[in-house]
Amino acid sequence: MTAARTLMLAAAAVVFAVGLSACGERDQVTVYKQGKYQGKPDTKPWENDPAVSPYPGSKWNKGDKTSWESAVKTRSLAQNEYTRAE
Amino acid sequence: MARMKFLCDAERCIECNGCVTACKNENEVPWGVNRRRVVTINDGVVGAEKSISVACMHCSDAPCMAVCPVDCFYRTDEGVVLHDKDLCIGCGYCFYACPFGAPQFPQAGAFGLRGKMDKCTFCAGGPEKDLSKEEFTKYGSNRLAQGKLPACAEMCSTKALLGGDGDVIADIYRQRVFKRGKGSEVWGWGTAYGKPDQPKAAPAGAKS
């Protein structure tokens with residue numbers, strides 16, 4: 001009798017747990033997993049020798065990222081005609 | 001660290017399509033492929049016509065990269081989104097994912113076969129030897145490797161289209177807005193999410 005009652009209680013607990021799990025909410029937004037680039041490696045722009053270019057735009061030290069960034073920044077600022085007019 | 005971006009000032013763009021022409025000329029883009037184009041709204045409506053030059057925006061969280069089944073996209077240290085044409089299968093997923101319609105597919109053959117994807121490279125070439133013939137043939141000009149900026153932005157006659165490090169061009173735009181006294185309304189919360197309707201309170205005793 002006791003065993004049957006325990007079994008009944010256990011079954012009720014399982015049914016209760018399963019019933020509650022149906023009320024759960026799962027994330028509706030898909031999170032895309034970024035793949036890893038499979039192609040060929042690319043060279044960095046500052047690794048080029050500025051003298052190689054047939055029509056050089058700016059001067060920087062080959063391999064020096066900071067000087068390349070500084071050169072490009074100077075070039076970018078040339079787009080501001082207010083500073084050119086002053 | 002530089003984060004290369006384009007910024008188009010709709011107050012200045014005069015729809016001359018000079019940027020489109022410059023891009024085509026600089027990169028020798030084939031017929032049918034438009035890496036850059038000018039979009040106009042309210043065409044012909046006086047005072048309401050606005051144009052903007054659109055190309056790949058080199059998104060920080062690029063959807064084309066997320067959907068590519070062969071993972072042919074990569075982002076350079078300067079924040080430019082590029083791809084390997086040797087790996088691209090021309091499936092067109094990136095075209096569906098891109099909110100700007102940037103990926104282009106050359107029409108090769110009589111039945112419009114979809115070739116390998118082509119898009120704006122921010123004039124940064126691609127994964128070939130810099131300034132080589134192979135790089136130019138596949139991806140176009142590599143101006144960044146010459147210390148230059150994209151041809152479209154550099155030749156824009158009204159300087160509506162700015163290109164370069166996001167911080168630098170944002171500073172240029174900010175100064176412009178201060179000088180002309182308007183334009184800042186195109187940025188920010190109010191523009192993105194709408195402004196609350198708050199009618200002015202009528203002065204006391206005034207008739208409505």
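Helices (H or I, at least four residues) and strands (E, at least two) are DSSP runs, numbered from the N terminus. The model is predicted: local features need pLDDT of at least 70, side-chain atom pairs count only at pLDDT 80 or more, and totals for chains, interfaces and linings use all residues. Residues are numbered from 1 along each chain as its sequence is written, while chains are lettered from A and ligands numbered from 1 in the order in which they are written.

**Exercise 1. Place B:T137 and decide whether it is buried or exposed.**

Step 1. Find the element: B:T137 lies in helix α4 of chain B, residues 133-139.
Step 2. Recall the cut-offs. A residue is buried if 20 or more other C-beta atoms lie within 10 Å of its own, exposed if 12 or fewer, and partly exposed in between; C-beta atoms are placed from the backbone.
Step 3. Apply them: B:T137 has 11 C-beta neighbours inside 10 Å, so it counts as exposed.

**Exercise 2. Describe the build of chain A.**

Step 1. Count the elements: chain A has three helices and zero strands. Along the sequence the pattern reads α-α-α.
Step 2. Check helix α1(A), residues 2-21. The expected span of a helix is 1.5 Å times one less than its number of residues. For the 20 residues of α1(A) that gives 28 Å, and the end C-alpha atoms are 28 Å apart, which agrees.
Step 3. Look at its cover: the count of buried residues in α1(A) is zero. Over the 86 residues of chain A, 13% count as buried.
Step 4. Test the overall form. The radius of gyration is taken over C-alpha atoms, and the globule rule is 2.2 Å times the number of residues to the power 0.38. A compact globule of 86 residues would come near 12 Å, but chain A has 33 Å. Its C-alpha atoms fill a box of roughly 95 × 40 × 20 Å along the principal axes.

**Exercise 3. Describe the side of chain A that touches chain B.**

Step 1. Set the rule: two residues are in contact if their C-beta atoms, placed from the backbone, lie within 7 Å.
Step 2. Count: 34 residues of chain A are in contact with 36 residues of chain B.
Step 3. Name the elements. Those of chain A that give two or more residues to this side are α2 (65-77) and α3 (81-85). The largest share, eight residues, comes from α2(A).

**Exercise 4. Show how strand β8 of chain B is held.**

Step 1. Check burial: five of the five residues of β8(B), 161-165, are buried, so the strand is largely enclosed by the rest of the structure.
Step 2. Find the partner. Two strands pair if DSSP finds at least two bridges between them. Strand β1(B), residues 4-8, pairs with β8(B) in the antiparallel sense over five bridges.
Step 3. Pick one opposite pair: B:F6 stands opposite B:G163 in β8(B).

**Exercise 5. Compare the surroundings of B:F122 and B:K159.**

Step 1. Take B:F122. Its phi is near 55°, a positive value in a residue other than glycine. B:F122 sits in the loop between β7 (113-114) and α4 of chain B. With 28 other C-beta atoms within 10 Å, B:F122 is buried.
Step 2. Take B:K159. Its phi is positive too, about 60°, although B:K159 is not a glycine. B:K159 is in the loop between α5 (151-155) and β8 of chain B. With 19 other C-beta atoms within 10 Å, B:K159 is partly exposed.
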